[in-house]
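Subject: Structure handover and notes

Dear colleague,

Please find below the structure that I am handing over to you, followed by my notes on it. I would be glad if you could read the two side by side.

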Amino acid sequence: MDTAPLIALEHLAEGGFAEVEANLDGDAESLVLYRDGEAVRAWLNVCPHAGRRLDWAPGQFLKSTDGWLVCAAHGASFELQGGECLAGPCRGESLRAVAVEVRDGAVWLKRAASL
Ligand code: FES
């Protein structure tokens, strides 16, 4: 169960990205968070092209003038609603979404429905 938020919402700039580590099913995974107004979306920080991290340095993500997230390795470009690659070597593939929610001024992993 999550006992700590991933990040305070105030530390995530509007239209900006952040990198956080989260425990997913017992594994520490790097996530990219993207803030869109009061909403936040999250994906694994793993590019579907060659499995590299998307950031060029921890927490440093590239955003194109079209407003797409650009993988620092070979330039795959992802739209920021569904995380689909629209240009580059993995066009048509998508980032793996991670369910998060904004609560009490912070971003949390969304609790999975109990099994
Ligand atoms: S690993 Fe992202 S474009 Fe190649």
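The notes below go from the chain as a whole to its sheets, its core and one loop.

This is a predicted model, in which local features need pLDDT of at least 70 and side-chain atom pairs count only at pLDDT 80 or more, while totals for chains, interfaces and linings use all residues. Residues are numbered from 1 along each chain as its sequence is written.

The protein chain has zero helices and eleven strands, where helices (H or I, at least four residues) and strands (E, at least two) are DSSP runs numbered from the N terminus. The radius of gyration, taken over C-alpha atoms, is 14 Å, close to the 13 Å that the globule rule (2.2 Å times the number of residues to the power 0.38) gives for 115 residues, so the protein chain is as compact as a globular protein of that length. The C-alpha trace spans about 35 × 30 × 25 Å along its principal axes. According to an unreviewed UniProt entry, the annotation "domain: Rieske" covers residues 4–109; positions from UniProt are given in the numbering used here, feature names are shortened, and annotations may be inferred rather than shown by experiment. That span is 0% helix and 42% strand, and its end C-alpha atoms lie 9 Å apart.

Turning to the sheets, two strands are said to pair if DSSP finds at least two bridges between them. One open sheet holds four strands in the order β2-β3-β4-β9, with antiparallel pairing; β2 and β9 (97–98) stand at its edges with a single partner strand each, so one side of each has no neighbour in the sheet. Eight bridges join β2 to β3, with Leu24 opposite Asp27 in β3, and the hairpin of these two strands has two residues between them, where Asp25 in the turn has a positive phi of about 55°. Between β3 and β4 there are six bridges, with Leu31 opposite Leu44 in β4, and in their hairpin, again with two residues between the strands, Gly37 takes a positive phi near 70°. β4 and β9 pair over two bridges, and Trp43 stands opposite Ala97 in β9.

Another open sheet has three strands in the order β1-β11-β10, also antiparallel, with β1 and β10 (100–103) as the edge strands. β1 and β11 pair over two bridges, and Ala8 stands opposite Ala106 in β11.

The largest nonpolar core (buried Ala, Val, Leu, Ile, Met, Phe, Trp, Tyr and Cys residues joined through C-beta atoms within 7 Å) has 24 residues, and those with the most contacts inside it are Val32, Leu33, Val40 and Ala42. The elements that give two or more residues to this core are β2 (17–24), β3 (27–36), β4 (39–44) and β11 (106–109), and the largest share, four residues, comes from β3. Leaving aside its neighbours within four places in sequence, Leu33 is in contact (C-beta atoms, placed from the backbone, within 7 Å) with residues including Leu6, Phe17, Val40 and Val107.

Finally, Glu10 lies in the loop between β1 (7–8) and β2, and with 8 C-beta neighbours inside 10 Å it counts as exposed; on this scale a residue is buried with 20 or more other C-beta atoms within 10 Å of its own, exposed with 12 or fewer, and partly exposed in between, C-beta atoms being placed from the backbone. Glu10 and Gly105 are 95 residues apart in sequence and 7.6 Å apart in space, C-alpha to C-alpha.

With best wishes

Conventions: Contact = placed C-beta atoms within 7 Å.
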